[in-house]
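Q: I'm new to this one and would like to know the reasons behind the labels. Can you walk me through it?

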Number of protein chains: 2
Amino acid sequence: MALKFEVLSTDGAARRGRLATPHGIIETPAFMPVGTLGSVKGLSPQALEGVGASVMLSNLYHLALRPGIDVVEELGGLHSFSGWKGPILTDSGGFQVFSLATLRKITEGGVDFRSHVDGSPVRFTPEGVVGMQRSLGVDIAMVLDECPPWPARRAVVAEAWDRTRRWADRARGTWEREPGPGGLFGIVQGGVFRDLRETSARQLVELDFDGYAIGGVSVGEPQVERYEVVEWTAPVLPEDKPRYLMGVGYPRDILHAVRQGIDLFDCVLPARNARHGLLFTRQGPVKIKNARYRRDPAPIEEGCPCPACVRTSRAFLHHLFRCGELTGAVLATLHNLQHYLDFMRDLRQATASGRLTDWTEANSLSNAAAEAT
Amino acid sequence: MALKFEVLSTDGAARRGRLATPHGIIETPAFMPVGTLGSVKGLSPQALEGVGASVMLSNLYHLALRPGIDVVEELGGLHSFSGWKGPILTDSGGFQVFSLATLRKITEGGVDFRSHVDGSPVRFTPEGVVGMQRSLGVDIAMVLDECPPWPARRAVVAEAWDRTRRWADRARGTWEREPGPGGLFGIVQGGVFRDLRETSARQLVELDFDGYAIGGVSVGEPQVERYEVVEWTAPVLPEDKPRYLMGVGYPRDILHAVRQGIDLFDCVLPARNARHGLLFTRQGPVKIKNARYRRDPAPIEEGCPCPACVRTSRAFLHHLFRCGELTGAVLATLHNLQHYLDFMRDLRQATASGRLTDWTEANSLSNAAAEAT
């Protein structure tokens, strides 16, 4: 196996782990900043390292459309192309095909769609998607899944769920015959239906993936339903493999999932909110464009080691956002990612010391407040 | 004097110098990256340090409109506000009043105009502009000057020139009574008229400023006329004070001016061109959006130590610009500033070793090519 996962300690269902990949170690639970097209918007690879990121998530769908997988492969793969030296996970594009692409047509063979960029026709198959991620040379590849919308009738979900299982089987076989440098994760589907989720998880486990993701969440469903999906699914997944909750979420959501035994997370929220001037702090959200911050000499968050907080004030960020200066978006992105990555470090420490329940109680207010953004 | 300037060595008229300011040393000849509103667009203060900048130029006109001088002063001055710890020079706003503001009315007392941001009325006076820069706490303040457009009749230029002299006298008196932490520079005006330029320089020297700028250039005049202005003016300025050519320019223009004895430069070109995908290299300009760079594995410039060149390729920059990704503008800005700052370092080394003529001959092609952007 090109991936090696070790659970160092547990606290209830929560796990403090270590995932070794061809491009380095991911200490888990971990948050993966999103660099859709190979970079987190506004950040050099060095700046992303600077806030403590240990792994970047990129997107096969977007990279396949631009610049094209062949270009990235010719440039030596995604690490060489993007300049990010640490581990990379690529999403398979399943979610994007069902949220961005147009004229989508699903058959047993795969999915045909039109690029949202220029309308050109593209075909994704379970085998092709695995092959493209192998060409990118990523550390963690994901199988192609069918991601039904929410809400959806059980019959619609079940059909997608069944096809996702068959696609996973084919993807696994392709990887078996010609593996990439890293590992391949399966994706549990099944909407908000407990039996579908549990069966999906068991079927994937039989296929023996290097890790297991919970997909089809963060698509608009209520928080309580998302929480249930995690609570149903996590216990079915093997203890010795990493578990990844896709596209989630606010710190409160991440905390909940960590307590159910989830190890990996990704979300566009910290970076996207940053570009809109919404800053995360332990004391709650800061809408930096608000007039109350015009003369506020405090850093965004006391004690934060990010490049913005160690040098400047809320007043300066307010000024940059009011003037539409690029630097505002860049500094805010650095801060929000630092906040998320420091939050994950706290969760790892609390889990390692068996104090996750205490930590949760001591920090419940701040997470509730952060969600309010 | 709060500023201390020392000429370490000369090569013809060119000077290798050292300007000590309250916030550190500026090795000259030096290029000052432009952080109009307190930041170079897209760069944290740390990133600006990272490419080797030793001084930042900000703009009093813009800061007076947003966030207002009182806000910056309340936040501890421009260094504390912006997080830039090195020396700062602020332009007096004369140029901007005459290029951006509307409903401009000039009287002997000063200039009344409307903000280009919200149309609110503003009044700049020679005394007020000096006082505002003192409040910002900058290392180098500039007198208010009147900057006539180009082309302009001699009578128009002469009137502005004469008023600029009287304004300089008043600014000098204000500074004498209540100096700021740094120094105050006078600005030579006089359009493209040799006698006006020489007389202006002599009159300013009598007022004994801490340094002398050549203003009213880079306003559309042909290169040959701008070169003549520098050639006429520099010899009239005292050898023991720094000389600053405002708003210039391409590397070739800077080289010409260094050889006439100019010490300080600023220009928006490297950063603005970067945001448009125009990259400077010693081998000539790179229009990175051009299809020829789609699969180019070379760094923007071989041997360049900037964050983009040490990690990524022209192909990656091409991809980021084609996709409109923020990171493209950020990486390109880092590269172009690194290019300018390394160019200045080369000029300092060539001057110090008395090899500026050799250096100029060996590098003439690249500068001509750079100009072609």
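Q: What makes A:Val7 and a residue of β2(A) partners, and which residue is that?
A: This is a predicted model, and in it A:Val7 stands opposite A:Gly17 in β2(A). Strands count as paired once there are at least two bridges between them. β1(A) and β2(A), the latter being residues 14-21, have seven bridges, in the antiparallel sense, so they pair.

Q: Why are some strands of the sheet in chain A called edge strands?
A: The sheet is open and has three strands, in the order β1-β2-β3 of chain A, with antiparallel pairing. β1 (4-11) and β3 (24-28) of chain A each pair on one side only, and they are the edge strands. On average, neighbouring strands in this sheet are turned by 15° against each other, ignoring direction.

Q: What packs on that sheet?
A: Helix α14 of chain A, residues 326-352, does. This helix touches β1, β2 and β3 of chain A, and its direction makes about 120° with that of β2(A).

Q: How do you know whether chain A as a whole is compact?
A: Chain A has 15 helices and 16 strands. Its radius of gyration is 20 Å, and the globule rule gives 21 Å for 373 residues; the two are close, so chain A is as compact as a globular protein of that length. The C-alpha trace spans about 60 × 45 × 40 Å along its principal axes. Buried residues make up 56% of the chain. Of the contacts with a separation of 6 or more, 69% join residues 24 or more positions apart.

Q: Why is A:Pro297 called partly exposed?
A: A residue needs 20 or more C-beta neighbours within 10 Å to be buried, and 12 or fewer to be exposed. A:Pro297 has 14, so it falls in between and counts as partly exposed. You'll find A:Pro297 in the loop between β16 (286-287) and α12 (307-311) of chain A.

Q: Which residues does A:Pro297 contact, leaving aside its neighbours within four places in sequence?
A: They are A:Ser313, A:Ala315 and B:Leu75. What about A:Thr312, which is 15 residues away in sequence? The C-alpha distance from A:Pro297 to A:Thr312 is 8.2 Å.

Q: What makes α13(B) largely enclosed?
A: Eight of its nine residues are buried, so the rest of the structure largely encloses this helix. Among the buried ones are B:Phe316, B:Leu317 and B:His318. Their cover includes α3 (69-74) and α4 (78-82) of chain A, along with β16 (286-287), α12 and α14 of chain B. After α13(B) comes B:Gly324, with a positive phi near 65°.

Q: How many residues of each chain are in contact with the other chain, and what kinds are on the chain B side?
A: 36 residues of chain B are in contact with 36 residues of chain A. Helices that each supply at least two residues to the chain B side include α1 (45-50), α13 (314-322) and α14 (326-352) of chain B. That side divides into 17 nonpolar, eleven polar and eight charged residues.

Q: How do you know what kind of axis relates the two chains?
A: A turn of 180° with a shift of 0.0 Å along the axis lays chain B on chain A, with an RMSD of 0.0 Å. That is how a two-fold axis relates copies. In chain B, B:Gly42 comes closest to the rotation axis, at 3.7 Å (C-alpha).

Q: Why can we say the copies meet through the same surface?
A: Because 100% of the interface residues of chain B are also interface residues in chain A.

Key:
Residues are numbered from 1 along each chain as its sequence is written. Chains are lettered from A and ligands numbered from 1 in the order in which they are written. This is a predicted model: local features need pLDDT of at least 70, side-chain atom pairs count only at pLDDT 80 or more; totals for chains, interfaces and linings use all residues. Two residues are in contact if their C-beta atoms, placed from the backbone, lie within 7 Å. Helices (H or I, at least four residues) and strands (E, at least two) are DSSP runs, numbered from the N terminus. Ala, Val, Leu, Ile, Met, Phe, Trp, Tyr, Cys and Pro count as nonpolar, Asp, Glu, Lys and Arg as charged, and the others, Gly among them, as polar. Axes are lines fitted to C-alpha atoms, for helices over the stretch in contact, and angles run from 0 to 180 degrees between N-to-C directions. The radius of gyration is taken over C-alpha atoms; the globule rule is 2.2 Å times the number of residues to the power 0.38. Copies are superposed by least squares on the C-alpha atoms of residues with pLDDT of at least 70 in both.
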